[in-house]
Amino acid sequence: MHEILTVLESDARATPERIAALTGIPEDEVRAAIAGWEADGVIRRYKTVVDRDRLGDTRVTAFVDVTVAPERGRGFDDVAERIARFREIRAVHLVSGAQDLRVEVEGSSMKEVADFVAQKLSGVDRVTATSTHFLLRRYKDDGQLLIDPEPDQRLSVMP
């Protein structure tokens, strides 16, 4: 049944008929599985990957590494959940390494993102340090290449 999810992850517009044809799973089982996963929250939403550079979109994205002061019995979940509720936040991940959380922030300008980090994010209780990295260019997003393929340089061969 995971084959169904694999197809949907690569093409959210795949119909149950197409998924059945690709996986060999009967169409009624595909429909039932998808409905069950939607009801259980396994499938959260269907997504389109947009190449914002081609649109001329000038929004700014930054990845912010966040260090959190540990507190006995609380873990990182409460801080991560508070951070996730800000409208500027696109993603929050608990990570290994020197920092505890990696946060993706989006704003209309570098100043707006910097102000958010300085005024809101760094003010969250138990956040002790942040390190901001501005996104300069996306080459691949959500598994989708966003670069044009190289032109074929081979010479034509005539029979």
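## Close-up views of a predicted model

**View 1. Asp115 and its partner in helix α6.** Asp115 is partly exposed, with a relative accessible area of 29%. The setting is a predicted model. The side chain of Asp115 meets that of Lys111 in a salt bridge, with 2.8 Å from N to O. Both residues sit in helix α6, and because they are four residues apart, about one helical turn separates them. Lys111 is exposed, at 57% relative accessible area.

**View 2. Arg59 and Glu106 meet across the sequence.** Welcome to another of the 20 salt bridges that the structure holds. Here Arg59 pairs with Glu106, and their closest N and O atoms are 3.2 Å apart. Arg59 belongs to the loop between α4 (52–55) and β1 (60–68), while Glu106 is in strand β3 (residues 101–107), so this salt bridge ties together parts that are 47 residues apart in sequence. Are the two partners buried or exposed? Arg59 is partly exposed, with a relative accessible area of 38%, whereas Glu106 is buried, at 16%.

**View 3. Arg138 reaches Glu104.** Strand β3 appears again, this time through Glu104, and the partner Arg138 lies in the loop between β4 and β5. The closest N and O atoms of this salt bridge are 3.6 Å apart. The pair therefore ties together parts of the chain that are 34 residues apart in sequence. Arg138 is partly exposed, with 25% relative accessible area, and Glu104 counts as buried at 17%.

**View 4. Two phenylalanine rings make the aromatic pair.** How many aromatic pairs does the count give? The count comes to one. Phe86 and Phe116 form this pair in an edge-to-face arrangement, with 5.3 Å from centre to centre and 85° between the planes. The pair links distant parts of the chain: Phe86 is in the loop between α5 (77–84) and β2 (89–94), and Phe116 is in helix α6 (residues 110–120), 30 residues away. Phe116 is buried, with a relative accessible area of 4%, while Phe86 counts as partly exposed at 23%.

**View 5. Arg126 and Asp142 both have positive phi.** Neither residue is a glycine, yet phi is near 80° for Arg126 and about 50° for Asp142. Arg126 is found in the loop between α6 and β4, and Asp142 in the loop between β5 and β6 (144–145). Their surroundings can be compared too: Arg126 is buried, at 8% relative accessible area, but Asp142 counts as exposed, at 52%.

**View 6. Tyr139 helps to make a nonpolar surface patch.** Which residues make up the patch? Tyr139, Leu145 and Ile147 make it, and its area is about 300 Å². Tyr139 is located in the loop between β4 (127–134) and β5 (140–141). With a relative accessible area of 48%, Tyr139 is partly exposed.

**View 7. Stepping back to the whole protein.** The protein has six helices and six strands, and along the sequence they follow the pattern α-α-α-α-β-α-β-β-α-β-β-β. The protein is more spread out than a compact globule, because its radius of gyration is 21 Å, well over the 15 Å that the globule rule gives for 159 residues. The C-alpha trace spans about 65 × 50 × 30 Å along its principal axes. Of the 159 residues, 28% count as buried. The accessible surface comes to about 11600 Å², and 50% of it belongs to carbon and sulfur atoms.

How values were computed
Residues are numbered from 1 along each chain as its sequence is written. This is a predicted model: local features need pLDDT of at least 70, side-chain atom pairs count only at pLDDT 80 or more; totals for chains, interfaces and linings use all residues. Side-chain values use heavy atoms; hydrogens and water are left out. Patches are made of residues with over 30% relative accessible area and no salt bridge: like charges are joined within 9 Å, nonpolar side chains (Val, Leu, Ile, Met, Phe, Trp, Tyr) within 5 Å. Accessible areas come from the Shrake-Rupley method with a 1.4 Å probe; for residues, only the protein chains shown count as cover. A salt bridge is a side-chain nitrogen of Lys or Arg within 4 Å of a carboxyl oxygen of Asp or Glu. Helices (H or I, at least four residues) and strands (E, at least two) are DSSP runs, numbered from the N terminus. Buried means under 20% relative accessible area, exposed over 50%, partly exposed in between (1.4 Å probe, protein chains only). The radius of gyration is taken over C-alpha atoms; the globule rule is 2.2 Å times the number of residues to the power 0.38. Rings of Phe, Tyr and Trp (its six-membered ring) pair if their centres lie within 6.5 Å; planes under 30 degrees apart count as stacked, over 60 as edge-to-face and the rest as tilted.
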